[in-house]
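Colleague: Could you walk me through this one? I'd like to hear how its parts fit together.

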Amino acid sequence: MNIAEKEQDVMEEFSVFEDWMDKYSYLIELGKDLPLINEKYKTNQHLISGCQSRVWLYAELKDGKMFLSADSDAIITKGIVSLLVNVLSGHTPSEILEAKLDFLDQIGLKEHLSPTRANGLSSMVKQIMLYARVFQIKLKEE
Amino acid sequence: MDLQQIRKDFPILNQQVNGKPLVYLDNAATTQKPLAVIQRISDYYLKENSNVHRGVHHLSQVATEAYENARGYIAKYIHAEESNEIIFTRGTTESINLLANVLSPWIQAGDEIIISGMEHHSNLVPWQQLCERNKARLKVLPVDLDGTLDLNFLEKMLTPQVKLLAIAHISNVLGTVNPVKEIVRIAHNKGVPVLLDGAQGIAHAKVDVQDLGVDFYAFSGHKIYAPMGIGVLYGRFTWLRRLPPYQFGGEMIDQVSFEKTTFNELPYKYEAGTPNVAGALGLEAALHYVQKTGVDDIFNHEDKLLKYATEKLENIDGMRIIGHAKEKAAVLSFLVNGLHPFDLGTLLDQMGIAVRTGHHCAQPLMDFYGIPGTVRASFAMYNTLEEVDIFVDAVKKAVGMLQ
């Protein structure tokens, strides 16, 4: 599945739930499947700023593809990171950089989050894109 | 106290949030405003707006009189000796910064200032910065695990170098009502003046500055049903008269020439620039509303809400209430198991409940308890026992979802 198809999948999953409490339940469940960051990377260096809860994010390159792992001390935050990781992890840096990530708006998550949480979400996206750009350059150099 | 009427007086409470009736339990952050206050502000702009003092025209006199009457009313409300002791500010934070600024010449290298371990950053950072500038030392009166201050320790800390004791009347995190009258007595025995941070105290305790014997008392209007952007620094006349001005400009001057300026009398010495007249009138209206409703009735009601909520929350598995002082007012901080306060707060919001999560501008206190923050429910006169039930059920539901 490419990124756009994965985004479509998430949108369909979310549309099943009418009540936001159910959407949050779904996010909480998603958080439980988040590929956890290796404890040794849970350092300030991998901490994303702009979040009220602590979020660590790590990316690595394997066979030209970028793989993401993360963790947070807040469960809902874990669910939100999980959404991004599920959609983006396992794709090439170029694919990730081209991702529109429309689904974040479509599922209403951005507007539904409190401003502090929405900022945190933007910071996560920025950090992932930053990793992708660095890896893209690295791949070109090789 | 007619709770139904009170709720009608606060129209903002009658609304839906995320499809659920709003349950507003974030009163320690700011309270809602009754119609009497909204109407007073509106009336001022509809009928009386004009710049105060030094005006000869009718409206200026009307506005000046209203503004000074408000000062007089506030002075009576906290039982100041005279209305000159009431300095209008933007709020508690500005009041404390003002004081830290004008006390600066009195604080020499090697002097000491005492605060407590439960202070809001607003009653910590201004003193820390002052100490840093003047090479003085900031000392911290420790908090016990149950959220109370050890007064025996205070006596030991009051060395001859101590120039000021700055302490919260009521903790915004723990709800502890500090024994401030006793604290003032102990400090005064050693000749140390006392500032009370009354941000929470003004709304949930009786404030009689003469009975307390306190030298300075700072509070914000918006925590007691008045608009944002207005607050008070009470200072005893003998103190304020001696201290230098704070900001310079209009209103606070007596005579100005290019060579020299002499300053106006109290309280104008501390009110440079055009003041927040509507805010002052709103504060007067809010205090009037509180007085009319009945201070004792309000406190009894809030106490009932706090005790009821505490009792019900304690039945939840894994509940940890932060702050167990015997004397507590209107503030209830808690954590459940290892759940992040942010998760709980988000889900409570989904259910229409407004609480605050985080460190509540008291990071050192969070460090003391070794926690990232708390969920804080805080009560006001318009909250009901039914709202507490809704809140507790919502906490249970959120905990169930997160575990």
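Modeller: Happily! Helices (H or I, at least four residues) and strands (E, at least two) are DSSP runs, numbered from the N terminus. This is a predicted model, where local features need pLDDT of at least 70 and side-chain atom pairs count only at pLDDT 80 or more, while totals for chains, interfaces and linings use all residues. Residues are numbered from 1 along each chain as its sequence is written, chains are lettered from A and ligands numbered from 1 in the order in which they are written, and side-chain values use heavy atoms, leaving out hydrogens and water.

Colleague: Where is B:Thr148 found, and with which side chain does the side chain of B:Thr148 make a polar contact?

Modeller: B:Thr148 is in the loop between strand S6 (137–141) and helix H6 (151–157) of chain B. A polar contact is a pair of N or O atoms within 3.5 Å; within protein, one must be able to donate a hydrogen and the other to accept it, and residues adjacent in sequence count only if both atoms are side-chain atoms. At 2.8 Å, the side-chain partner of B:Thr148 is B:Asp146.

Colleague: How much area do domain 1 and domain 2 of chain B bury between them?

Modeller: An automatic or database domain assignment gives the bounds: domain 1 of chain B is 3–30 + 295–402 and domain 2 is 38–291. Buried area is the accessible area (1.4 Å probe) that two parts lose on being put together, summed over both. Carbon and sulfur atoms carry 60% of the area between these domains, and the total is about 2800 Å².

Colleague: Which three residues supply 18% of the area that domain 1 of chain B buries against domain 2 of chain B?

Modeller: Contact here means heavy atoms within 4.5 Å, and 36 residues of domain 1 of chain B touch 33 residues of domain 2 of chain B in this way. The three that supply 18% of domain 1's buried area, more than any other three residues, are B:Phe299, B:Cys361 and B:Leu365.

Colleague: Which side chains meet in a salt bridge at 2.9 Å?

Modeller: A salt bridge is a side-chain nitrogen of Lys or Arg within 4 Å of a carboxyl oxygen of Asp or Glu. The count between domain 1 and domain 2 of chain B is one. At 2.9 Å, N to O, the pair is B:Asp296 and B:Lys206.

Colleague: Which element gives the largest share of the side of domain 1 of chain B that touches domain 2 of chain B?

Modeller: Helix H1 (3–9), helix H12 (295–314), strand S14 (331–336) and helix H14 (363–369) of chain B each supply at least two residues of that side. With six residues, the largest share comes from H14(B).
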